[in-house]
Amino acid sequence: MADPKGFLNHGREVAARRPIEERVHDWNEVYPGGPGRALLPIIREQASRCMDCGIPFCHQGCPLGNIIPEWNDLVYRDDWDAAIERLHATNNFPEFTGRLCPAPCETACVLGINQDPVTIKNVEVSIIERAFESHNVRPQPPEWLSGKTVAVVGSGPAGLAVAQQLTRAGHTVAVYARADRIGGLLRYGIPEFKMEKKVLDRRLEQMRREGTVFRAGVDVGTELTGAALRDRYDAVVLAVGSTVARDLLVPGRELGGIHQAMEFLPQANRVSLGESVEDQITAAGKHVIIIGGGDTGADCLGTSIRQGAASITQLEIMARPGEDRPANQPWPTYPMTFRVSSAHEEGGDRVYAVSTTEFLGNDAGNVRALRLVEVDGSFTPIEGTERDIPADLVLLAMGFVGPQRDGLVDQLGVDLDERGNIVRDSAYASSVEGVFVAGDAGRGQSLIVWAIAEGRAAAAAVDTFLTGSTTLPAPIPPTERPVVA
C-alpha cells in the first residue's frame, strides 16, 4: 500500500485546466502542457490516496481490468518504469483512455463510498506521458512471423488494439481505413482541445515500427470487395464502428442548416489542423442548437465556441440529473449525475426535459428557428409549454444506431441482430467463417475503453483461430453490456 494514511491526509485534486478566456481562442488541449503534466506537482500524493483494497472494485468498473492499485503504488514510490509496464500490460493506449474515458473505475473506487474517489484517470495519463517523454514507449516487434495474414477494417481504438496485439503475436496485419488518414473517430471525431492528434500519431508510429501496415483512403466494400478481402487474408476483423447516425424526422428536417454532428466535427478538425475544407459547415456568427446531451454534443459545443457562434443551446430530452448518486444507482455502478465537461465550462445554455417538434424555415429554405415542447418523465409533451428558439445551425448529436450495412457488411453476408449490430459468438466470430467483429460494430455505441478491451479480446480469438492457441489476454466476453451507455 502506497501510504496507509494517504486518503486521510490528502483530498482529491484533479488536473487544473487552462483559463477559459485563453483556451477558447485556440485548439490546443485544455490542460496546460497536456493532461499528463498538469497533475505532476501533486501526482504522488494523489496516487497515495489509493487504499490497495483487498477487493479493488476499480477493476470491476474498468473493462480493461487495469491493475490500478499496483500502478498507483508504483507512482507513489517514484518507480515510473514499472508503472508503465504494469499499465501497458492491460491497456494498449492509456494516452487515449486517460484523456477520453469517462472513468467508470473512479465511480467504482472503494474510497468513493464515503469520500471523493482516487484520481485514477489523471494518474493513468501522467504515467503514459512520462513514459513517452522518457522514451520508455518502444516498438515491440514479434520475434517470429506466423505466415498468417489478417485484415482489420476500421482504424478506431478497437481496430488499432486488434492490430497491435495480432502484429505482436507474429501475424502480418493490414489496417484499412476509408478516411485519408488512420485513426477513425480518434482523428476526425474528437476535437483537438480534447486530444491533440500528435498524441495519436506517435502511437501509430510505434505500430508501424512493430510491423503493422496501414492502408488509408481505401473504401472497403467499394474499391476492395468483401469477397476479395476474404480471398486475400486468412482472417478479417470488422472494427467499422457504429456509424449510422440517429436522425430526427420532424417537420422541417429537410431545411438547410440542419446537419449530423459527424458532418460538422470532422470538417472542424481538419480546419483546426490547417487543412482547407470547401463549403465548411461553421458556427461562426450563428445561433447554434445542439440536440443531444452526451459527449458528442459537448464536442459540438466546444467547437462552436471556438468558431465564434453568436449563441449556443444544447437540448436534452432527459430531465437534468442530480448532483449526487441516485439511490437506484448504488456504488459501484456508474451513476447518472450532473457532469460539467470542459466545453460546458466555456459557455452555452443547457436545456433539459424538452423535445423538438418542428424546424421552422425562412424564404431561402434554411432553418431559422426550432420549436420545442417540455416533456414529463415519460417523455410526454406538456400542454402549453411550446416555444420557438432562434436557430441558424442545428447539429444532431443523438447517437448512432449501428454499422453501415451498404457495401462491406452486405457483401460479407454477416448476420445482424435486432438492433442492427453484427452478431458474434463468444469468440467474437461472426456468422461467416474467418470473419470476426470487435467494438461498436458488434456491441453497439459504447465507450473507447470498451473498444480497446474488445479489440484485445478479439485479437486473442483470432490468434486462436489462426494457430490453435493463444497467449494473448482476453479481458472481457463479448456478451457483456457496457457499464456506461
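**Close-up 1. H259 is a buried residue in this predicted model, with a relative accessible area of 19%**. Buried here means under 20% relative accessible area, so H259 falls within that class. Let us start with its setting: H259 sits in strand β5, which covers residues 258-260. Once neighbours within four places in sequence are set aside, the contacts of H259 are I281, L393, V394, L395 and L396. As with every view that follows, the coordinates come from a predicted model.

**Close-up 2. Strand β4 (residues 235-238) has buried side chains pointing both ways**. In a regular strand, side chains alternate between the two faces of the sheet. Here A235 and V237 point one way, while V236 and L238 point the other way, and all are buried. Strand β4 pairs with β1 in the parallel sense, over four bridges. Within that pairing, V150 has A235 of β4 as its bridge partner. Strand β4 is also joined to β13 (residues 435-437) by three bridges, and these two strands run parallel as well. Look for V237 here, which stands opposite F436 of β13.

**Close-up 3. The largest nonpolar core brings together 78 residues**. I127, V150 and L160 are the residues with the most contacts inside this core. Helix α20, spanning residues 448-467, gives the most to the core, with 12 residues. A second core, separate from this one, has 20 residues, including A174, L238, L408 and A441.

**Close-up 4. Helix α7 (residues 80-88) seen through its buried residues and through I127.** The buried residues of the helix are W80, A82, A83, I84 and L87. They pack against four helices: α4 (43-47), α6 (68-76), α8 (94-100) and α10 (120-133). I127 gives a handy residue-level picture: leaving aside neighbours within four places in sequence, I127 is in contact with W80, A83, I84 and L87, as well as with W71 and V75.

**Close-up 5. I317, M318 and F379 make a nonpolar patch on the surface**. The area of this patch is about 260 Å². One of its members, M318, is found in the loop between β7 (311-316) and α17 (342-346). M318 has a relative accessible area of 44%, so M318 counts as partly exposed.

**Close-up 6. A cis peptide bond links W331 to P332**. Most peptide bonds are trans, which makes this one a nice spot to pause. The omega angle of the bond is near 5 degrees. P332 lies in the loop between β7 and α17.

**Close-up 7. D52 and H135 are two non-glycine residues with a positive phi**. Most residues other than glycine have a negative phi. For D52 the phi angle is about 50 degrees, and for H135 the angle is about 60 degrees. D52 is found in the loop between α4 and α5 (58-61), whereas H135 lies in the loop between α10 and β1 (149-153). How exposed is each of them? D52 is partly exposed, with a relative accessible area of 39%. H135 has 63% relative accessibility and therefore counts as exposed.

Conventions. Residues numbered from 1 in each chain as written. Predicted model: local features only at pLDDT ≥ 70, side-chain atom pairs only at ≥ 80, totals over all residues. Heavy atoms only, no water. Patch = residues over 30% accessible without salt bridge, like charges linked within 9 Å, V, L, I, M, F, W, Y side chains within 5 Å. Areas by Shrake-Rupley, 256 points an atom, 1.4 Å probe, with all protein chains shown as cover. Salt bridge = Lys/Arg side-chain N within 4 Å of Asp/Glu carboxyl O. Buried < 20%, exposed > 50% of the residue type's maximum accessible area, 1.4 Å probe, protein only. Contact = heavy atoms within 4.5 Å. Core = buried A, V, L, I, M, F, W, Y, C linked by side-chain atoms within 4.5 Å. Pairing = 2+ DSSP bridges.
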